[in-house]
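Subject: A structure for you to look through

Hello,

I am passing on a structure that I have been reading through, and I would like you to have it open while you read my notes. Please take your time with it, and turn the view as you go.

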Amino acid sequence: MTARLDIIIPVYNEGKIILATLAALRREVKTPSRILICYDRPDDDTLSTIKANPGEVEGLDIAFVQNRARGAHGAVMTGFAESRAAYVLVFPADDDFNAGILDAMVAKAEQGNDIVCASRFIPGGCMEGCRWLKAALVRTAAFTLYHIARLPTRDATNGFRLFSRRVIDRIQVESDRGFVYSLELLVKCHRLGWPVADVPAKWFERKQGASRFQVLNWVPAYMRWYMYAFATTFLRLPANSVRQRQTWKPAE
């Protein structure tokens with residue numbers, strides 16, 4: 001069955017937690033899907049754990065994809081380049097509690113939304129156990145972008161997000177750090193006037209392994225796209241100011 005959804009999972013030695021995440025996807029997701037495990041090194045224990053437990057991933061279409069560049073950004077960009085499905089979703093390797101919302105995200109996309117955000121800040125969502133600095137930055141950004149910049153999502157900075165094929169194929173990603181690309185694609189989509197939707201999602205501080213979210217290191221990169229959203233609303237910058245991929249050509 002042809003995949004309707006490509007699920008990109010960036011990994012870095014997630015052997016202790018990856019099977020629970022894959023089990024949740026296997027159990028909950030009904031949309032025909034392919035899972036892209038994007039890794040830096042062939043000795044990453046995520047790969048050996050999956051390969052050593054074929055019975056626990058039976059029925060899942062899993063592709064192992066070595067990253068073209070190191071780090072979280074390199075993993076996601078590699079996943080985008082390897083994706084072929086109508087919808088592409090970036091999913092955390094340690095998330096074994098949100099698989100049940102993926103079908104709802106696809107349904108929102110099939111209604112015409114180009115980005116579907118997994119939102120922690122709408123009824124049914126939550127963010128628990130977050131360190132105070134990250135929580136303050138994330139909540140402040142989410143509040144101001146929604147209420148002042150009028151970005152059509154309550155959770156602008158969450159990297160857990162679904163993108164349509166035209167977002168992946170048409171919008172040029174200029175950022176090169178961490179999960180900043182996610183905010184960038186969102187604010188560019190908004191400037192283009194493409195529809196955006198939210199679904200409620202849960203977030204809990206990971207219990208195993210270290211988070212790759214580097215708050216202070218990424219703030220300057222996030223600020224560029226934070227201000228981009230305000231420029232769209234208050235300076236009325238046009239859709240033709242959005243940088244598109246040079247390889248993209250309109251359908252004839």
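One term is needed before anything else: a residue is called exposed when its relative accessible area is over 50%, buried when that value is under 20%, and partly exposed in between. Arg 150 shows how this works: its relative accessibility is 55%, so Arg 150 counts as exposed. Please also keep in mind that this is a predicted model.

**The chain as a whole**

The protein chain is built from eight helices and nine strands. Its radius of gyration is 17 Å, close to the 18 Å that the globule rule gives for 252 residues, so the chain is as compact as a globular protein of that length. Along the principal axes, the C-alpha atoms fill a box of roughly 55 × 50 × 35 Å.

How much of the chain is buried? Buried residues account for 53% of the 252 residues. The protein chain exposes about 12200 Å², and carbon and sulfur atoms supply 52% of that area. If you look at contacts with a separation of 6 or more, 81% of them join residues 24 or more positions apart.

**Strands S1 to S4**

A good place to begin is strand S1. Six of its six residues are buried, so S1 is mostly covered. In a regular strand, the side chains alternate between the two faces of the sheet. In S1, both faces are covered: Leu 5, Ile 7 and Ile 9 are buried on one side, and Asp 6, Ile 8 and Pro 10 are buried on the other.

Which strands pair with S1? One of them is S2: strand S1 (residues 5–10) pairs with S2 in the parallel sense over six bridges. To find this pairing on screen, look for Leu 5, which stands opposite Ser 33 in S2. The chain travels from S1 through helix H1 (residues 18–28) to S2, in a β-α-β crossover that is right-handed. Pro 10 has Cys 38 of S2 as its bridge partner. S1 also pairs with S4, again in the parallel sense, over four bridges. There, Ile 8 stands opposite Val 90 in S4.

Now move to S2 itself. Six of the seven residues of strand S2 (residues 33–39) are buried, so S2 is largely enclosed by the rest of the structure. S2 pairs with strand S3 (residues 62–66) in the parallel sense, over five bridges. In S3, Val 65 is the bridge partner of Cys 38. To get from S2 to S3, the chain passes through helix H2 (residues 45–51), and this β-α-β crossover is right-handed.

**Ser 83, a residue worth zooming in on**

Ser 83 sits in the loop between helix H3 (71–82) and strand S4 (87–90). Is Ser 83 buried or exposed? With a relative accessible area of 2%, Ser 83 is buried, because that value is under 20%.

What does the side chain of Ser 83 reach? It comes to the backbone oxygen of Phe 80 at 2.7 Å, and it makes a polar contact with the side chain of Arg 165 (3.1 Å). Not counting residues up to four places away in sequence, Ser 83 touches Asp 6, Arg 34, Leu 36, Val 88, Arg 165 and Ile 168. You have already met Asp 6 as one of the buried residues of S1.

**Three arginines**

Arg 139 lies in helix H5 (residues 132–147). Its relative accessible area is 42%, so Arg 139 is partly exposed. Leaving aside neighbours within four places in sequence, Arg 139 is in contact with Phe 121 and Met 127. The C-alpha atoms of Arg 139 and Arg 120 are separated by 9.8 Å, and these residues are 19 residues apart along the chain.

Arg 150, the example from the start, is located in the loop between H5 and strand S7 (161–164). Most residues other than glycine have a negative phi. Arg 150, however, has a phi near 65°, a positive value. Arg 236 also has a positive phi, near 55°. Arg 236 is found in the segment after helix H8 (215–234), and at 71% relative accessibility it counts as exposed.

Enjoy exploring, and write back with any questions.

Best wishes

Key. Residues are numbered from 1 along each chain as its sequence is written. This is a predicted model: local features need pLDDT of at least 70, side-chain atom pairs count only at pLDDT 80 or more; totals for chains, interfaces and linings use all residues. Side-chain values use heavy atoms; hydrogens and water are left out. Helices (H or I, at least four residues) and strands (E, at least two) are DSSP runs, numbered from the N terminus. Buried means under 20% relative accessible area, exposed over 50%, partly exposed in between (1.4 Å probe, protein chains only). A polar contact is a pair of N or O atoms within 3.5 Å; within protein, one must be able to donate a hydrogen and the other to accept it, and residues adjacent in sequence count only if both atoms are side-chain atoms. Contact means heavy atoms within 4.5 Å. Two strands pair if DSSP finds at least two bridges between them. A crossover is right-handed if, with the strands pointing away from the viewer, the path from the first strand over the helix to the second runs clockwise. The radius of gyration is taken over C-alpha atoms; the globule rule is 2.2 Å times the number of residues to the power 0.38. Accessible areas come from the Shrake-Rupley method with a 1.4 Å probe; for residues, only the protein chains shown count as cover.
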